[in-house]
Amino acid sequence: MAVTLRDVAELAGVSFKTVSNVINGYPHIRPATREKVERAIAELGYQPNLSARSLRSGRTDTIALAVPELNLSYFAELASFVIAAAEEAGLVTLVEQTGGDRDRELALLQSPRLNRTDGLILSPLGLGEEDAAALGGPLPVVMLGERTFDWPCDHVTMRNVEAARAATEYLIASGRRRIAVIGENEAEVMGSARLRLRGYREALAAHGIPYDERLVARATLWHRADGAHAMHDLLDRGADFDAVFGFNDTLALGAMRVLQEAGLRVPQDVAVLGFDDLDEAAYAIPSLTTVDPGREWIARTAVETLLSRIGRGGGEAGPRTRAADFTVVERESAPPA
């Protein structure tokens, strides 16, 4: 016969309710009591009836995470941090890939698959201000990234303008004056590319360095190949630069490869700085100086915020925005002065 909660309670010498509280992760249970219950669960091999528990509580203990693409290292590492934070809270994470396409993002928000989850963490690229109504349903949603406008949900983000300004000022402080940027996207109204370009321009202006359009290389996508293509473009048109700021690490790594193939030394001839602090940045040759935008904090805060909205943390009344702190990580590709 299947082991029941009452069997566990009897062996542990506690009430049925206490066992239920331990299994559901409620606080304010004495450590000694929790230990007795967990020992009884292990000894009896108790397995909770998840379907029944979901019906009683109205929760599935499952959340969804939707990102544009997992073959970009930033989103893969972000997903890993979200999954780890959710596991610590006893949640399972279902991962969706939208391609950054507006229609797919809208379809996901209306998908019956989300009925099997308690909430959604969404990093959109295609949604616009006109799509705010799609986020007004009963399912809690936490938005990541910059495309939030005035949407009726919580928002966890990074300080793109301030971080890009700090990165540019770091290069200026190391003696660089002709700083090229890779990753500008003129079609973007509000997003990371536009905000990082703004931070770059603010840093130049603060130090009396004229903004030069010839040093701006566009990249609609932010893969290594796009960084390589942008660097080929800069070199082919004879742009004069002594540093490169890639708007993400993969752009910077692609650009650095082309620089080396062209016989330019990094950092002696050209310093290279990225953004994201991907794991691979530390193992590039040379290792990549970059901005750590607080990705792990963003992931954990998104999960904590979602938990508060699904009744497991005492959520606040209205939507709120929280932004991570950042640091410039010094490595070989752009050493300090």
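How many of the residues of strand 1 are buried? In this predicted model, 6 of its 6 residues are buried, so strand 1 is mostly covered. The views below start there and then move along the chain.

**View 1. Strand 1, covered on both faces.** This close-up shows the two sides of strand 1, and neither is left open. Thr62, Ala64 and Ala66 lie on one side, and each of these residues is buried. Ile63, Leu65 and Val67 lie on the other side, and they are buried as well.

**View 2. Strand 1 and its two partner strands.** Strand 1 (residues 62-67) runs parallel to strand 2 (residues 92-97), and 6 bridges join the pair. Two residue pairs help you find the register: Ile63 is bridged to Thr93 of strand 2, and Ala66 is bridged to Glu96 of strand 2. Strand 1 also pairs with strand 3 (residues 119-122), again in the parallel sense, over 4 bridges. Here, look for Ala64 and its bridge partner in strand 3, Leu120.

**View 3. The β-α-β unit built on strand 1.** Take strand 1 and strand 2 once more, and add helix 5 (residues 73-88). Together these three elements make a β-α-β unit, and its hand is right-handed.

**View 4. Helix 3, with a buried side and an exposed side.** Helix 3 (residues 31-44) has 14 residues, which at 1.5 Å a residue should span 20 Å. Its end C-alpha atoms are 20 Å apart, so the expected and computed spans agree. The buried residues of helix 3 are Thr33, Val37, Ala40 and Ile41. These residues sit on the same side of helix 3, because they cover an arc of only 100 degrees around the axis. An α-helix has 3.6 residues a turn, so residues three or four places apart point the same way. Helix 1 (5-12) and helix 2 (16-23) are among the elements that cover the buried residues of helix 3. Turn to the other side of helix 3 and you meet Pro31, Ala32, Ala42 and Glu43, which are exposed. Just after helix 3 comes Gly45, with a positive phi near 70 degrees.

**View 5. Ile182 in the largest nonpolar core.** The largest nonpolar core has 75 residues. Those that touch the most other members are Ile121, Leu171, Ile182, Met231, Phe241 and Phe245. Ile182 makes a good centre for this view: beyond its neighbours within four places in sequence, its contacts include Ala217, Gly227, Ala230, Met231 and Leu234. Ile182 is also in contact with Val244, Phe245, Gly246 and Phe247, as well as with Leu251 and Ala255. Apart from this core there is a second, separate one of 15 residues, which includes Ala64, Leu120, Leu127 and Cys153.

**View 6. Two cis peptide bonds that lead into prolines.** Which peptide bond is cis, with omega near 10 degrees? That is the bond from Val266 to Pro267. You will find Pro267 in the loop between helix 10 (249-261) and strand 9 (271-273). The bond from Ile285 to Pro286 is cis too, with omega near -5 degrees. Pro286 belongs to the loop between strand 9 and strand 10 (290-292).

**View 7. Positive phi at Asp276 and Asp277.** The loop between strand 9 and strand 10 also holds Asp276. Its phi is near 135 degrees, a positive value in a residue other than glycine. Is Asp276 buried or exposed? Asp276 is buried, because its relative accessible area of 4% falls under the 20% cut-off. Asp277 lies in the loop between strand 9 and strand 10 as well. Though not a glycine, Asp277 has a positive phi of about 55 degrees. At 18% relative accessibility, Asp277 also counts as buried.

**View 8. Leu307 in helix 11.** Our last stop is Leu307, a residue of helix 11 (residues 295-309). Leu307 counts as buried because its relative accessibility is 13%. For a sense of distance across the model, pair Leu307 with Thr4: the two are 303 residues apart along the chain, and their C-alpha atoms are separated by 28 Å.

Technical notes. Residues numbered from 1 in each chain as written. Predicted model: local features only at pLDDT ≥ 70, side-chain atom pairs only at ≥ 80, totals over all residues. Heavy atoms only, no water. Pairing = 2+ DSSP bridges. Right-handed = clockwise from strand over helix to strand, strands pointing away. Buried < 20%, exposed > 50% of the residue type's maximum accessible area, 1.4 Å probe, protein only. Core = buried A, V, L, I, M, F, W, Y, C linked by side-chain atoms within 4.5 Å. Contact = heavy atoms within 4.5 Å. Expected span 1.5 Å × (residues − 1). Arc of directions from axis to C-beta.
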